[in-house]
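The following exercises are to be worked with the sequence and the coordinates side by side. Each task is followed by a solution in steps.

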Amino acid sequence: KLNKLASYITINISSPNTEGLRNFHEEKLLSNLLSKLNGLKKNKKIKCPLVLKLSPDITGEEISNINELILKFKIDGIVLSNTSNQNRKNLSDIRKNETGGLSGLPLQKLSLKFIKNFYKLNKGKIPIIGVGGIDNGQSAFEKITAGASVVQLYTGMVYEGPRIVKKI
């Protein structure tokens, strides 16, 4: 219903906070989901681009399978990446063992590596929205030089507010 108001619609299969959601990274489940979404777009004559938001915690084999499916189903782009369950051991805060994904600085290098790997694999055929630990111009530039077409902010906006955009 909102597709006529949106620049794009994100299909988020990556939240570690939603039980079972990351199962959609599995080839058979993702293929079924993308097939149904394409059918819905066709039947409803939806022109709004669809992008897929992925977890940075997936394996190299999963990246390859997902890349093939994205190309097969002509998904318009990917968001790399959502929060991560990795890097908790490197944190010093007493809340480091709480449930939920890590964002911001703990995600920065992991996200950058993920963007580089995905871009190398698909050779720029799929636009990438780079996300994860962008808090200054350097971190935004690194995402772009790694292969991101654009960047997206969240945690930086939470901690620094809208002025971060001017800073970047």
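**Exercise 1. Overall composition**

What percentage of the 168 residues of the chain count as buried? Describe also the order of the secondary structure elements and the accessible surface.

Solution. The model is a predicted one. Begin with burial: 42% of the 168 residues count as buried. Next, list the elements: the chain holds six helices and five strands, and their order along the sequence is β-α-β-α-β-α-β-α-β-α-α. Then turn to the surface, where the accessible area comes to about 10500 Å² and carbon and sulfur atoms contribute 54% of that area. Finally, consider the contacts with a separation of 6 or more: 66% of them join residues 24 or more positions apart.

**Exercise 2. The β-α-β unit**

Determine the handedness of the unit made by strand 1, helix 1 and strand 2, and describe how the two strands pair.

Solution. Locate the elements first: strand 1 covers residues 9-12, helix 1 spans 27-43 and strand 2 spans 50-54. The two strands run parallel and are joined by four bridges. Within this pairing, Asn-12 lies opposite Lys-53 of strand 2. Tracing the path from strand 1 through helix 1 to strand 2 gives a right-handed β-α-β unit.

**Exercise 3. The largest nonpolar core**

Which residues touch the most other members of the largest nonpolar core, and which elements give two or more residues to this core?

Solution. The core has 26 residues, and those touching the most other members are Leu-52, Leu-54, Ile-78 and Phe-118. The elements that supply two or more residues are helix 1, strand 2, helix 2 (60-72), strand 3 (77-80) and helix 3 (105-122). As a last step, take Ile-78 and leave aside residues up to four places away in sequence: its contacts include Val-51, Leu-52 and Leu-54, together with Ile-70 and Phe-118. Ile-78 also touches Ile-126, Pro-127, Ile-128 and Ile-129.

**Exercise 4. Positive phi values**

For Lys-74 and Lys-123, give the phi value, the location and the exposure.

Solution. Recall first that most residues other than glycine have a negative phi. Lys-74, which is not a glycine, has a positive phi of about 55 degrees. Lys-74 is placed in the loop between helix 2 and strand 3. Its relative accessibility is 66%, and Lys-74 therefore counts as exposed. Lys-123 likewise has a positive phi, near 50 degrees. The loop that holds Lys-123 runs between helix 3 and strand 4 (128-131). Lys-123 is exposed, because its relative accessible area is 63% and the cut-off is over 50%.

**Exercise 5. Salt bridges**

How many salt bridges does a search of the whole structure find? Name the partners and classify each by exposure.

Solution. The search finds two. One salt bridge pairs Asp-76 with Lys-41, with 3.5 Å between the closest N and O atoms. This pair links distant parts of the chain, 35 residues apart: Asp-76 is in the loop between helix 2 and strand 3, and Lys-41 is in helix 1. Lys-41 has a relative accessibility of 17% and so counts as buried, whereas Asp-76, at 33%, counts as partly exposed. The other salt bridge joins Glu-160 to Lys-167, the closest N and O atoms being 3.2 Å apart. Here Glu-160 is partly exposed at 37% relative accessibility, and Lys-167 is partly exposed at 49%.

Terms used:
Residues are numbered from 1 along each chain as its sequence is written. This is a predicted model: local features need pLDDT of at least 70, side-chain atom pairs count only at pLDDT 80 or more; totals for chains, interfaces and linings use all residues. Side-chain values use heavy atoms; hydrogens and water are left out. A nonpolar core is a set of buried Ala, Val, Leu, Ile, Met, Phe, Trp, Tyr and Cys residues joined through side-chain atoms within 4.5 Å. Buried means under 20% relative accessible area, exposed over 50%, partly exposed in between (1.4 Å probe, protein chains only). Contact means heavy atoms within 4.5 Å. Two strands pair if DSSP finds at least two bridges between them. A crossover is right-handed if, with the strands pointing away from the viewer, the path from the first strand over the helix to the second runs clockwise. Accessible areas come from the Shrake-Rupley method with a 1.4 Å probe; for residues, only the protein chains shown count as cover. A salt bridge is a side-chain nitrogen of Lys or Arg within 4 Å of a carboxyl oxygen of Asp or Glu.
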